[in-house]
Amino acid sequence: MEHRLSCFKSELAEIKGYQHPPPLLRDLLEVIFVLLGHRPVLRSRGCEWAVLRRLLEPNPAKQESLVSQMASFDAARAGDELLLAGQLLCGVSRESAQHAGEVSSLLFAWAS
């Protein structure tokens, strides 16, 4: 998974440039950020794309990129975030993520 995450770095610039991302990609990014602890910033399914796009930027305080946050994520330390992420992923299948493309497939695999 780490190798796949490192390949994801090149896709981030394209994703950040979207004015209106595909709904599934947007939903998967929301799940990722919930898992990474950005829950107070996000409002389940009502999150603005501008907020998600800002979260895609490296954290200046920690010098951490999204990819490094994902690589160092410890599911054992995530509590309610896992439950909320599971609720947000409800109705999203592996097949639909794969059909949407490589990035969505990677995000789904990481989040599920």
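How exposed is Lys-16 in terms of relative accessibility? At 21%, Lys-16 counts as partly exposed, because buried would need a value under 20%. Keep in mind that this is a predicted model. With that said, here is a walk through the chain, starting from the overall fold and ending with a few residues worth a look in the viewer.

## The overall picture

The fold is helices and no strands: there are seven helices and zero strands in the chain. Going along the sequence, the pattern reads α-α-α-α-α-α-α. The chain has 112 residues, and buried ones make up 40% of them. Its accessible surface comes to about 6600 Å², with 51% of that belonging to carbon and sulfur atoms.

What about contacts between parts of the chain that are far apart in sequence? Among contacts with a separation of 6 or more, 64% are between residues 24 or more positions apart.

## The nonpolar core

In soluble globular proteins, nonpolar side chains tend to be buried together. In this model, the largest nonpolar core has 33 residues. Phe-8, Leu-66 and Leu-107 have the most contacts inside that core. The elements giving two or more residues to the core are α1 (2-17), α2 (23-35), α3 (49-55), α4 (66-71), α5 (80-89) and α7 (102-111). Of these, α2 gives the most, with nine residues.

Leu-66 is a handy place to start when you look around the core. Leaving out residues up to four places away in sequence, Leu-66 touches Phe-8, Leu-12, Ile-32, Phe-33, Leu-36 and Leu-56.

## Helix α2

Helix α2 deserves its own stop. Twelve of its 13 residues are buried, so α2 is largely enclosed by the rest of the structure. The buried residues in α2 include Leu-24, Leu-25, Leu-28, Leu-29, Val-31, Ile-32, Phe-33, Val-34 and Leu-35, but also the charged trio Arg-26, Asp-27 and Glu-30. The helix geometry checks out too: at 1.5 Å a residue, the 13 residues of α2 should span 18 Å, and the end C-alpha atoms are 19 Å apart, which agrees. Just after α2, Gly-37 takes a positive phi of about 95°.

## Salt bridges

Side chains of opposite charge can pair when their charged atoms come close. How many salt bridges does a search of the whole structure find? The answer is three, and here they are with their N to O distances.

| Salt bridge | Distance |
|---|---|
| Arg-26 and Asp-27 | 3.0 Å |
| Arg-26 and Glu-30 | 3.3 Å |
| Lys-16 and Glu-57 | 3.8 Å |

Arg-26, Asp-27 and Glu-30 are linked in a network of salt bridges. Both Arg-26 and Asp-27 are buried. Arg-26 counts as buried at 13% relative accessibility, and Glu-30 counts as buried at 0%. Arg-26 and Glu-30 are four residues apart in helix α2, which puts about one helical turn between them. An α-helix has 3.6 residues a turn, so residues three or four places apart point the same way.

Lys-16 and Glu-57 bring us back to the opening question. Lys-16 sits in helix α1 and Glu-57 in the loop between α3 and α4, so the salt bridge ties together parts that are 41 residues apart in sequence. Glu-57 counts as partly exposed, with 40% relative accessibility, and Lys-16 is likewise partly exposed at 21%.

## The aromatic pair

The structure holds one aromatic pair. The ring centres of Phe-73 and Trp-110 are 5.1 Å apart and their planes are at 55°, so the pair is tilted. This pair links distant parts of the chain: Phe-73 is in the loop between α4 and α5, while Trp-110 is in helix α7, 37 residues apart. Trp-110 is buried, with a relative accessible area of 13%, whereas Phe-73 counts as partly exposed at 23%.

## A polar residue in α4

One last residue to click on is Gln-69, found in helix α4. Is Gln-69 buried or exposed? Gln-69 is buried, its relative accessible area being 12%. Apart from residues up to four places away in sequence, Gln-69 touches Leu-36, His-38 and Glu-64. Leu-36 is also one of the residues that Leu-66 touches.

Definitions and conventions:
Residues numbered from 1 in each chain as written. Predicted model: local features only at pLDDT ≥ 70, side-chain atom pairs only at ≥ 80, totals over all residues. Heavy atoms only, no water. Buried < 20%, exposed > 50% of the residue type's maximum accessible area, 1.4 Å probe, protein only. Contact = heavy atoms within 4.5 Å. Areas by Shrake-Rupley, 256 points an atom, 1.4 Å probe, with all protein chains shown as cover. Core = buried A, V, L, I, M, F, W, Y, C linked by side-chain atoms within 4.5 Å. Salt bridge = Lys/Arg side-chain N within 4 Å of Asp/Glu carboxyl O. Phe/Tyr/Trp six-rings, centres within 6.5 Å; stacked < 30°, edge-to-face > 60°. Expected span 1.5 Å × (residues − 1).
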